[in-house]
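Colleague: Take me through the pockets of this model, please. I want the lining first, then the residues around it, with every cut-off spelled out.

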There are 2 protein chains.
Amino acid sequence: MPGVGQKSAQRIAFHLLRTSREDAERLAQAVLDVKDKLGLCEICNNISDTSSCLYCRDTSRDHTVICVIEEPPNIVPIEVTRQFNGVYHVLHGAISPLRGIGPEQLRIKSLLARLGTGNISEIILATNPTVEGEGTAVYLSRLLKPLGLKVTRIAMGIPVGSDLEFADEVTMTKSLENRREM
Amino acid sequence: MPGVGQKSAQRIAFHLLRTSREDAERLAQAVLDVKDKLGLCEICNNISDTSSCLYCRDTSRDHTVICVIEEPPNIVPIEVTRQFNGVYHVLHGAISPLRGIGPEQLRIKSLLARLGTGNISEIILATNPTVEGEGTAVYLSRLLKPLGLKVTRIAMGIPVGSDLEFADEVTMTKSLENRREM
């Protein structure tokens, strides 16, 4: 399991030995519940215990703005900003020819299906600023722009609170390229 | 001296004891040369051994674009990108009310003087993305925009190669705000 090495595993095992049978049963049930009760949202592919996730169900959110992300945990950093009130679409990966992951392995078909159903004002591509994430964003923009959609990409640049001195070459280049009029 | 602690100082002292008198003299002269021969460029306030620095002297550069930075070392990360072919203006600091540094302590007057002399197509504010650097950028944009100048700010966002997971709240907010159409 990620983050659990030999020492942590041993500590957990001894902890389980010390706990009551009921507590162990509750943990065992919780492990099974993850597999039995959690599935993917039928709309956005986010993890959900119902057929549509809490963002897709929320009528107070703007369903005309879709933020495309690689994995479900990527929703967290976007939500904590409280700046985004649209809905999400989880691709469950990024295009990576080296690892044999092509567009057909990602949840792109269900994204296209969503675009056909409603008025979409903007698609924000928030895949990671890595080679794979950037490639996926370029692929999606070439796919979506001919449909007449507004496609935007989150900004790459120097992190807030940092110093020019610590900026690597590629980030500094992006920061200059993406400069905005004040 | 920055970066030289007690141990390094001792090591340097013993190294000097071992070197020849001529080498010690050359080092001593180099130290004096820094004070005697280096000054500030009369145009952009960059460190220079002549009255105008190598960027201001270079006629192949675009003298209508001025990149405003806090300190002379900030030129390095911008130059390594090879994306910028304009000239610089070094403020020698940033506005910081807490440390008692106001606009009058910075080299802003000489910036305004430059604007009066030639055709300026763009001023890029590349002060650091810190509270002080951002405050200085806002101050300068309020000063320069009424003069009819195009004033831009370098982009803040997620560094290239990073992951949304590691983005702090403020940087993620900036990254969403500064998103660009693809």
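Modeller: The pockets come first, then some residues in their surroundings.

This is a predicted model; local features need pLDDT of at least 70, side-chain atom pairs count only at pLDDT 80 or more, and totals for chains, interfaces and linings use all residues. Residues are numbered from 1 along each chain as its sequence is written, chains are lettered from A and ligands numbered from 1 in the order in which they are written, and side-chain values use heavy atoms, with hydrogens and water left out.

Start with the largest pocket. Its space is about 190 Å³. A pocket is an open set of points on a 1 Å grid over the protein atoms alone, where a 1.4 Å probe fits, with protein on both sides within 12 Å along at least five of seven lines; a lining residue has an atom within 4 Å of a point. Points are joined across faces, edges and corners, and the volume is the space filled by probe spheres set on them. The lining has 15 residues. Nearest the centre are Glu70(B), Glu71(B), Gly93(B), Ala94(B) and Asn128(B). By class, the lining has three nonpolar, six polar and six charged residues. Here Ala, Val, Leu, Ile, Met, Phe, Trp, Tyr, Cys and Pro are nonpolar, Asp, Glu, Lys and Arg are charged, and the others, Gly among them, are polar.

Now the second largest pocket. Its volume is about 160 Å³. From chain A, its lining takes Glu134(A), Arg153(A), Ile154(A), Ala155(A), Met156(A), Lys174(A), Glu177(A) and Asn178(A). From chain B come Asn178(B), Arg180(B), Glu181(B) and Met182(B). Two elements give two or more residues each: α7 (169-177) of chain A and β7 (180-181) of chain B. Helices (H or I, at least four residues) and strands (E, at least two) are DSSP runs, numbered from the N terminus. This lining divides into four nonpolar, two polar and six charged residues.

What does Asn128(A) touch? Contact means heavy atoms within 4.5 Å. Leaving aside neighbours within four places in sequence, Asn128(A) meets Glu70(A), Asn74(A), Gly133(A), Glu134(A) and Arg153(A). Across in chain B, Asn128(A) meets Ser162(B), Asp163(B) and Leu164(B). Glu134(A) and Arg153(A) also line the second largest pocket. Asn128(A) sits in the loop between β5 (122-125) and α6 (131-144) of chain A. At 4% relative accessibility, Asn128(A) is buried. Buried is under 20% relative accessible area, exposed over 50%, and partly exposed in between (1.4 Å probe, protein chains only).

Thr152(B) also has neighbours in both chains. Thr152(B) belongs to strand β6 (residues 151-153) of chain B. Thr152(B) too counts as buried, at 4%. With residues up to four places away in sequence not counted, its contacts include Arg179(A), Arg180(A), Glu181(A) and Met182(A). In chain B, Thr152(B) touches Glu122(B), Ile123(B), Ile124(B) and Leu125(B).

One backbone point remains. Most residues other than glycine have a negative phi. His92(B) is not a glycine, yet has a positive phi of about 60°. His92(B) is in the loop between β4 and α5 of chain B. His92(B) is partly exposed, at 25% relative accessible area.
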